Amino acid sequence: MKISVRWLRELCPVTLSDDEIAQRLTLAGLEVEGRESRSIGPGVVAARVVSRTPVAGSDHLSVCQVDDGAGTHQVVCGAQNYAAGDVVPMARPGATLPNGMQIKQAKLRGVESNGMLCSQRELGLSDDHAGLMILPPQTLIGAPLGELLGLPDTVFEINVTPNRPDALSHLGIARELSALTGVPLRLPQTAPAGEAKVPAHVHDEDPERCPRYLARVIEGVKVGPSPLPVQERLRACGVRPISNVVDATNLALLELGHPLHGFDLDRLAGEKIIVRRAAEGELMTTLDGKERKLSADDLVIADAEKPVALAGVMGGQTSEVSDSTTRILLESAMFEAAGIRRTARRHGLHTEASHRFERGMDEKTAALAADRCAELIAQLAGGRVLPGVIDRYPAPLPQTQVWVRPARVSALLGTDVSAREVEQRLSSLQLEPLDGNPERRLWGVPSWRRDLTREIDCIEEVARLRGYDSIPIEIPKAGVGETAAVLPQARVKSAARAALAAAGCDEVLNYSFVPERDLLALDPAAKPLRVANPLTVEQGAMRTSLWPGLLRNLGHNLARGTRDLKIYELGRIYLPLPDPRHPDGPLAWPAWEPDHLALAMTGRRAPKGWTGGGEAVDFYDLKGALEDLLEAMGISEVAFVPAQVAPLHPVSASELRVAGRRAGVLGQLHPTAAQHFEVPPQTFLAELNWQALLDQATALHGFHGVPKFPAVARDLAFVVDAAVPAEKMLQEIRAADGKRLLEQVSLFDVYRGAPVPEGKKSVAFGLSLRAADRTLTDGEADALCAGIRDRLKSALGAEIRG
Amino acid sequence: MPDVIEQIDSLLAAARAELAAAAGEPHVEAARVKYLGKSGSLSSLRKGMGAVPPADRPKLGKLVTDAIAQLEALLEQTRTALGQRALQQDLEREKLDVTLPGRTRRRGHRHPVSRALDDIIEIFARLGFHVADGPEIEWDLYNFEKLGLPRDHPARDMQDTFYLETRLPPPPGSPPTRGAQEQLLLRTHTSPVQARTMLGQPPPVRIIAPGKVYRVDSDVTHTPMFHQVECLHVEKGLSMAHLRGTLDAFAKAFFGPEIKTRLRPSYFPFTEPSAEVDVSHALCGGKGCKICKGTGWLEVLGSGMVNPDVLSGVGYDPEQITGYAFGVGIDRLAMLRHGIDDLRLLFENDVRFLEQL
Ligand SMILES: [Zn+2]
């Protein structure tokens with residue numbers, strides 16, 4: 001909200017500097033987020049255009065003779081919205097405009113120009129740049145514009161939190177400033193109502209939605225522009241001046257915070273105001289010119305025939321104040337917050353009025369605002385405020401009363417706050433002590449502070465006013481049994497991350513929502529949870545796999561020239577199923593959100609260097625990264641098994657089994673999917689179920705002793721059918737080791753081609769044999785090798801080679 | 001007998017000549033086999049001793065033994081010399097170009113946000129906080145209602161919400177809705193974990209809840225998904241001083257020991273009193289710069305004492321139990337820590353960005 005500091009100082013005449021005011025307010029919770037200084041130097045004055053003639057050869061420039069009180073000057077001007085006789089701001093040569101522009105004597109199109117005629121934007125007054133700022137014809141020629149407007153001023157942009165609707169006005173901020181500084185408030189002048197009859201009728205048919213409706217009447221007004229300082233004040237607060245009557249309601253709103261509305265009483269059928277619900281489908285045209293189809297939940301202000309305003313949101317066109325208006329019915333009402341919020345949302349209208357009513361206004365301030373606004377209308381538009389008031393207020397709100405214990409204040413703030421201080425602080429906010437004693441006192445809350453209903457609310461007020469700086473710093477004691485032990489899962493996770501980093505994988509983080517077509521491209525049967533109101537269709541579906549994100553990341557990087565990519569993501573996927581870990585009861589999770597770990601690789605294993613490299617990554621790079629990962633996590637019972645995985649190429653599609661259970665899938669991306677994601681066909685992917693890995697992980701390994709006896713090494717090479725999987729051969733080798741002498745088997749060579757016959761391959765194994773309790777003899781080693789030979793021959797038809 | 005002496009001498013002479021010419025260990029070994037091997041020349045002489053008259057045998061035996069000793073010494077000498085020469089040659093080889101690049105393996109990089117998240121978890125572990133978990137697809141009940149944000153509450157405007165199309169029966173106590181859709185949403189903050197944790201256990205509670213959160217917002221300073229850590233400590237006798245202490249300890253651990261913190265009154269529906277927390281800007285030393293808008297302070301998180309309504313809403317007695325809570329935006333903390341100036345970089349996953357961190 002914009003606050004004019006000049007105006008603020010009128011309501012609470014502090015001697016603090018602007019900076020100090022900003023600091024005090026910010027540290028009391030009314031954050032001054034921005035400030036704008038509004039000032040116009042003495043070189044800009046009011047001047048009358050004496051004559052205007054087009055500049056030859058230009059389609060828009062005019063040369064004007066301008067009287068600035070000190071003489072007549074020739075000025076070239078490009079604006080179109082003025083005529084001879086108009087009074088406009090003129091910047092004399094030597095003047096500096098608020099935007100830093102220096103005015104000099106100049107020649108435009110060869111025509112001499114001694115100054116500049118200005119628009120509002122050029123003067124830093126508003127964004128209006130449609131033409132020159134036109135001043136009232138009676139303006140004193142030669143007077144500095146800054147003085148005419150009541151400048152200089154500073155405008156604060158204050159962030160008012162939703163719990164403080166009372167602070168949405170100059171008076172509201174002034175009350176805070178007064179409480180903070182002890183400087184008393186100066187309330188503005190009002191036209192208090194007496195006991196006279198008012199020539200209008202008000203029926204409030206819905207006191208629940210409209211607990212109070214006040215109407216005053218002003219007769220004999222003359223609608224026209226407001227004086228310059230009033231216009232400036234409105235502009236400073238971001239409100240466009242319209243006419244004196246409308247400006248008066250806006251001034252009162254900005255000053256006191258209560259929304260007001262002026263009707264042309266002569267255009268209200270039957271001189272009647274009826275507060276009622278709209279009929280479903282009823283039509284009305286609001287002030288913004290839009291025809292609106294109303295809902296039965298919308299509250300309207302109607303006259304005897306039709307709705308004339310959308311209550312608390314926006315007025316209607318039919319009863320709008322116009323140039324010919326002479327009698328005003330001024331509405332100051334109180335509407336229920338939730339209803340206003342629904343109507344504003346339904347019609348997509350967010351107005352100054354709805355913003356405030358949604359946050360909750362004050363029924364008492366409504367009366368003050370009516371009196372103040374009536375006074376302002378009379379001041380600005382002439383006319384006479386009729387002394388009476390119509391006040392429909394069937395159930396006046398009782399005063400809120402709160403018990404406050406200073407000991408509780410101290411306990412919550414963690415520092416001693418005396419009973420005297422508590423009383424002083426609460427009194428400064430105009431709370432009244434009603435009952436009780438120093439240990440426990442009952443306070444009456446002023447009507448505008450509807451946020452103060454409990455002791456804790458008052459404690460917060462005390463804390464706020466004395467400043468949070470006064471709260472000491474204290475570290476909570478460690479609780480019993482609460483230790484900072486590193487959980488096994490955290491250990492495993494960081495070991496896994498280290499392994500992935502060592503494998504050269506960069507970690508990525510993607511949005512949880514993806515384009516549904518990406519999920520379908522990988523799995524035509526995917527049924528993701530959909531976002532009802534996504535920002536774009538690209539974010540319409542909750543991911544059921546991490547692959548779309550990773551593949552899009554590959555695409556993004558490839559498009560930017562990075563070709564060698566190894567990335568991984570560890571994050572949740574979202575499945576429309578009950579979560580097996582939190583399945584029942586009121587705290588059940590609505591969806592299943594398992595953590596997954598996914599990897600993607602494409603490009604070269606390593607860049608080409610002088611020692612080698614430059615080879616493309618393949619399936620075994622991916623598998624190796626997984627093997628390293630599983631080893632780092634202490635997972636031992638691992639198998640890779642060919643499997644059908646739709647988005648993967650059949651040549652390498654496989655699944656990872658841990659302890660016999662499926663824990664993930666891996667392989668080369670299917671060429672069709674590669675096309676969809678615009679990534680190379682040589683792209684390799686894995687996606688693992690993180691929980692399945694954690695279940696089998698070993699955070700810390702046990703020690704088994706260092707071997708005491710030497711090992712014997714033997715190499716064996718076999719020629720076998722090319723289709724026989726290596727894993728099968730390894731199984732047979734291990735099966736031949738009845739005496740448990742085989743410490744390690746490594747597969748170190750696979751070869752196809754001459755002299756190995758067609759359809760066969762040669763596979764070579766290095767064996768390390770060791771007995772735990774003695775030195776193994778050559779004879780024992782030979783016997784085991786012979787056993788292996790026989791077994792591979794009989795089981796797999798493998799022939800020993802060479 | 002003289003024959004034999006002569007034979008020994010000539011054998012020794014021949015061996016000397018061969019060893020002098022030896023260029024390496026194989027030559028030395030060949031000479032050893034030739035003269036001292038099982039069927040070597042000197043060994044044969046010893047075997048041929050049977051043909052020598054018994055009187056000469058001791059003398060001759062000594063001659064042969066001496067010759068063998070001589071030869072062995074010679075072999076050893078030659079080996080040593082050869083070793084020396086080889087060492088010398090090795091040391092004098094052409095020097096390597098040590099400026100050629102070494103064989104390296106490119107390491108992967110952590111994402112700055114996940115790294116910040118892990119660091120924060122570790123810092124809070126030291127302060128005695130456990131990690132608690134909650135769903136990202138959440139009920140209105142836990143995301144709003146239980147936190148003092150009923151429907152039509154204006155503060156809901158602060159958090160524009162993504163809803164899901166899916167319709168499921170909401171848990172008991174859920175607010176009535178006009179559209180059934182409005183029950184299931186993407187959590188707008190990590191605070192529902194507070195409600196879930198407290199509903200699931202009696203006090204004391206001392207948790208942090210890290211994770212992803214979502215708001216309908218996308219511009220230069222907002223992404224529709226971001227990361228938060230929620231911190232909640234509820235126990236007998238906690239005050240705002242403990243809130244300040246915990247925040248201060250956290251800020252110093254995360255940003256550095258010279259960092260100061262400042263609390264400013266603010267408003268959050270689920271805390272009261274509420275405070276915005278500013279940390280002094282390390283980059284400009286708190287003097288004020290463009291990033292901190294000249295104030296020397298950076299707003300990093302929202303905090304406060306747990307609202308008594310929230311406590312009674314989960315069945316705790318606010319007269320007996322108090323607590324403090326705060327929520328930190330991790331993405332912003334990560335950006336501040338690394339000097340990242342564009343939020344969008346965090347989720348583009350450009351490797352040229354990731355590998356700098
Ligand atoms: Zn700074």
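**Notebook: the zinc site and chain A**

I started at the metal. The site of the zinc ion is tetrahedral, with angles of 98 to 116 degrees among its 4 donor atoms. I note at once that this is a predicted model.

Next I looked up the donors. Three are sulfur atoms and one is a nitrogen: SG of Cys284(B), Cys289(B) and Cys292(B), and ND1 of His281(B). They coordinate the zinc ion at 2.0 to 2.4 Å. I then read their order along the chain. The spacing is H-x2-C-x4-C-x2-C.

Are the zinc donors His281(B) and Cys289(B) buried or exposed? I checked each in turn. His281(B) has a relative accessible area of 5%, so I log His281(B) as buried. Cys289(B) comes to 24%, which means partly exposed. The cut-off for buried is under 20%, and exposed needs over 50%, so Cys289(B) falls in between.

I wanted to know how far to trust chain B. Its average pLDDT is 88. At least 70 is reached by 96% of the residues. For the complex, the predictor gives an ipTM of 0.85 and a pTM of 0.84. I keep one caution in the margin: where pLDDT is low, the predicted coordinates should not be read in detail.

Then I turned to the cysteines. How many disulfides does the structure hold over all chains? The count is 0. I took Cys64(A) as a case. Its nearest cysteine sulfur belongs to Cys77(A) and lies 5.6 Å away. A disulfide needs the two sulfur atoms within 2.5 Å, so Cys64(A) is in none. Cys64(A) is buried, at a relative accessible area of 0%. I also looked up Cys458(A). Cys458(A) counts as buried too, at 0% relative accessibility.

Last entry: the overall form of chain A. I list 20 helices and 38 strands for chain A. Why do I call chain A more spread out than a compact globule? Its radius of gyration is 41 Å, while the globule rule gives 28 Å for 802 residues. The value is well over the rule, so the chain is more spread out than a compact globule. I also took the spans of the C-alpha trace along the principal axes. They are about 125 × 85 × 55 Å.

I checked burial over chain A as well. Of its 802 residues, 53% count as buried. For contacts, I took pairs at least 6 apart in the sequence of chain A. Of these, 69% join residues at least 24 apart.

Methods: Residues are numbered from 1 along each chain as its sequence is written. Chains are lettered from A and ligands numbered from 1 in the order in which they are written. This is a predicted model: local features need pLDDT of at least 70, side-chain atom pairs count only at pLDDT 80 or more; totals for chains, interfaces and linings use all residues. Side-chain values use heavy atoms; hydrogens and water are left out. Donors are N, O and S atoms within 2.8 Å of the metal (3.2 Å for Na, K and Ca); water is not among the atoms, so sites may look incomplete. Four donors count as tetrahedral if all angles lie between 85 and 135 degrees; four count as square planar and six as octahedral if opposite donors are over 155 degrees apart and all others between 65 and 115; anything else is irregular. Buried means under 20% relative accessible area, exposed over 50%, partly exposed in between (1.4 Å probe, protein chains only). pLDDT is the predictor's confidence in each residue, from 0 to 100. Helices (H or I, at least four residues) and strands (E, at least two) are DSSP runs, numbered from the N terminus. The radius of gyration is taken over C-alpha atoms; the globule rule is 2.2 Å times the number of residues to the power 0.38. Contact means heavy atoms within 4.5 Å.
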